[in-house]
Protein chains: 2
Amino acid sequence: MIDPDTRTPRERYRTQVREEIKQHAWTQIAAAGASALSVNAIAKQMGMSGPALYRYFANRDELITELVKDAYRSLADTFRTRAEAGADLGDLAHALRGWALEDPQRYFLVYGTPVPGYQAPEDTTRITSEIMAVLLDACAAEQLPDTPPSPLDPHLAEHRAWAGPHPAPPSALRRALTFWTRLHGELSLELAGHFTGMGFDPAHLYAAETEALTGR
Amino acid sequence: MIDPDTRTPRERYRTQVREEIKQHAWTQIAAAGASALSVNAIAKQMGMSGPALYRYFANRDELITELVKDAYRSLADTFRTRAEAGADLGDLAHALRGWALEDPQRYFLVYGTPVPGYQAPEDTTRITSEIMAVLLDACAAEQLPDTPPSPLDPHLAEHRAWAGPHPAPPSALRRALTFWTRLHGELSLELAGHFTGMGFDPAHLYAAETEALTGR
DNA sequence: CGCGTTCGTTATAAGTTGTAACTACCGCCG
DNA sequence: CGGCGGTAGTTACAACTTATAACGAACGCG
């Protein structure tokens with residue numbers, strides 16, 4: 001690997017400032033969401049005048065895209081780390097919720113409302129497939145004893161391009177997809193605050209969903 | 001009911017202009033999302049200068065809030081209409097997906113990324129409970145023959161304030177919640193475009209989830 | 001040590017939301 | 001039917017925003 005820290009002093013300073021900008025951007029996003037992110041405000045917080053930041057990011061969208069990529073990488077890293085530590089599907093579910101609650105706006109940056117015209121850069125799709133690979137590993141590793149066949153299985157057997165060369169059976173593909181959609185459904189509503197005031201504990205609902213997925 | 005159309009001509013004109021403003025707002029949102037909604041642009045499209053719109057909406061947030069309320073009402077209406085026509089849980093699931101695909105940005109206006117500080121007005125919470133009431137009716141009406149008890153049930157039995165005075169058993173409460181979270185999970189990812197390029201048909205995944213919920 | 005790249009600055013353009021002040025018209029009430 | 005009040009729409013302006021252009025200064029490499 002190339003170590004970017006041992007480049008020329010100029011580049012070292014450059015990445016350092018870029019990182020500082022992103023840090024301020026994260027705190028701003030955590031406070032008021034990505035739509036309220038202000039390039040000028042970040043510059044002022046850093047003690048320099050507005051247009052200076054455009055030396056480091058071409059425009060606001062590029063800054064946000066960089067944050068999205070970092071968020072993807074963060075999720076993929078936690079998943080991969082847990083998987084290498086021998087995590088099963090339930091552990092991955094637990095890790096996912098922990099990662100989401102750690103910074104809800106970071107979760108929404110990845111899985112929240114998209115801008116209609118926006119096209120995800122190539123990097124993120126590669127990271128997504130990395131995440132799916134970890135998920136497929138976990139799903140294929142522990143086969144449920146009583147896995148009822150689903151009419152969805154033949155369809156997934158024919159359209160498994162998204163799984164790449166992963167040798168998971170259709171039932172594992174289906175389980176990975178339902179893992180994704182169901183847990184995202186619970187998390188998304190919880191983080192958006194749609195459960196607040198309803199009285200029950202979202203953690204119990206999440207636990208019930210993971211139990212349904214892992215078979216206790 | 002009070003018929004707002006037969007008020008004074010001034011008020012009639014007022015509501016008419018308000019409706020036209022909201023119409024333009026919807027097309028703008030459908031094109032570029034709610035964050036890109038521009039009050040000035042709407043005014044220009046309607047042939048009047050910027051600040052004129054502030055006679056009809058106090059500010060941008062009030063306009064968006066009104067759109068959110070309309071979106072909630074629209075969803076509640078389709079649910080109620082279908083329920084009155086004798087729809088079962090599977091029909092409601094189908095109606096939900098139809099309503100979502102009809103205008104994805106409208107769906108995101110209700111269930112998308114929230115602004116951290118935003119507090120939903122009283123109206124929307126009332127409409128939400130109306131939606132949940134329809135859902136609970138459907139869940140309580142058709143009991144699944146083989147409903148395995150869940151460790152979530154006792155918790156929901158204790159915290160059922162959100163269900164109001166609805167006489168649904170805990171298993172129905174749990175089924176209504178999972179209906180909501182699971183279908184939202186699939187729809188949210190589908191509408192956000194996270195399935196595009198993966199190859200499989202989201203409709204099949206959605207159908208599989210509804211079948212799992214309704215027991216075929 | 002000099003020279004070029006890069007950084008940060010100010011000035012400026014073209015937007016945005018929102019307020020203030022003024023005008024003109026519409027319609028209600030006597 | 002006429003006057004008067006309230007409402008609608010206008011322009012002007014303030015305070016923002018993103019983003020570009022042009023300039024000066026400093027840094028570091030050869």
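**Helices of chain B and domains of chain A**

In this predicted model, helix H8 of chain B covers residues 170–191, and at 1.5 Å a residue its 22 residues should span 32 Å; the C-alpha atoms at its ends lie 31 Å apart, which agrees. H8(B) is also mostly covered, with 21 of its 22 residues buried. Just beyond this helix, B:Gly193 adopts a positive phi of about 85 degrees.

A helpful next stop is the neighbour of H8(B) in the contact described here, helix H9 of chain B (residues 202–214). The axes of the two helices come within 10 Å and cross at roughly 175 degrees. Because angles over 145 degrees count as roughly antiparallel, H8(B) and H9(B) are roughly antiparallel to each other. On the H8(B) side, the contact includes B:Arg175, B:Phe179, B:Leu183 and B:Glu186, while residues including B:Leu205, B:Tyr206, B:Glu209 and B:Leu213 take part from H9(B). By class, this contact has seven nonpolar, three polar and five charged residues.

Helix H3 of chain B, made up of residues 60–84, can be checked in a similar way. Its 25 residues should span 36 Å at 1.5 Å a residue, and its end C-alpha atoms are 36 Å apart, which agrees. Just after H3(B) comes another glycine with a positive phi, B:Gly86, at about 85 degrees.

Turning to chain A, the domain assignment gives domain 1 (1–57) and domain 2 (67–214). Taken over C-alpha atoms, the centres of these two domains of chain A are separated by 30 Å. The domains do touch: eight residues of domain 1 of chain A are in contact with seven residues of domain 2 of chain A.

How values were computed
Residues numbered from 1 in each chain as written. Chains lettered and ligands numbered in written order. Predicted model: local features only at pLDDT ≥ 70, side-chain atom pairs only at ≥ 80, totals over all residues. Heavy atoms only, no water. Helix = DSSP H or I, 4+ residues; strand = E, 2+ residues; numbered from the N terminus. Expected span 1.5 Å × (residues − 1). Buried < 20%, exposed > 50% of the residue type's maximum accessible area, 1.4 Å probe, protein only. Axes fitted to C-alpha atoms, helices over the stretch in contact; angles between N-to-C directions. Parallel < 35°, antiparallel > 145°, perpendicular 65-115°, else oblique. Contact = heavy atoms within 4.5 Å. Nonpolar A, V, L, I, M, F, W, Y, C, P; charged D, E, K, R; others polar. Domains from an automatic or database assignment.
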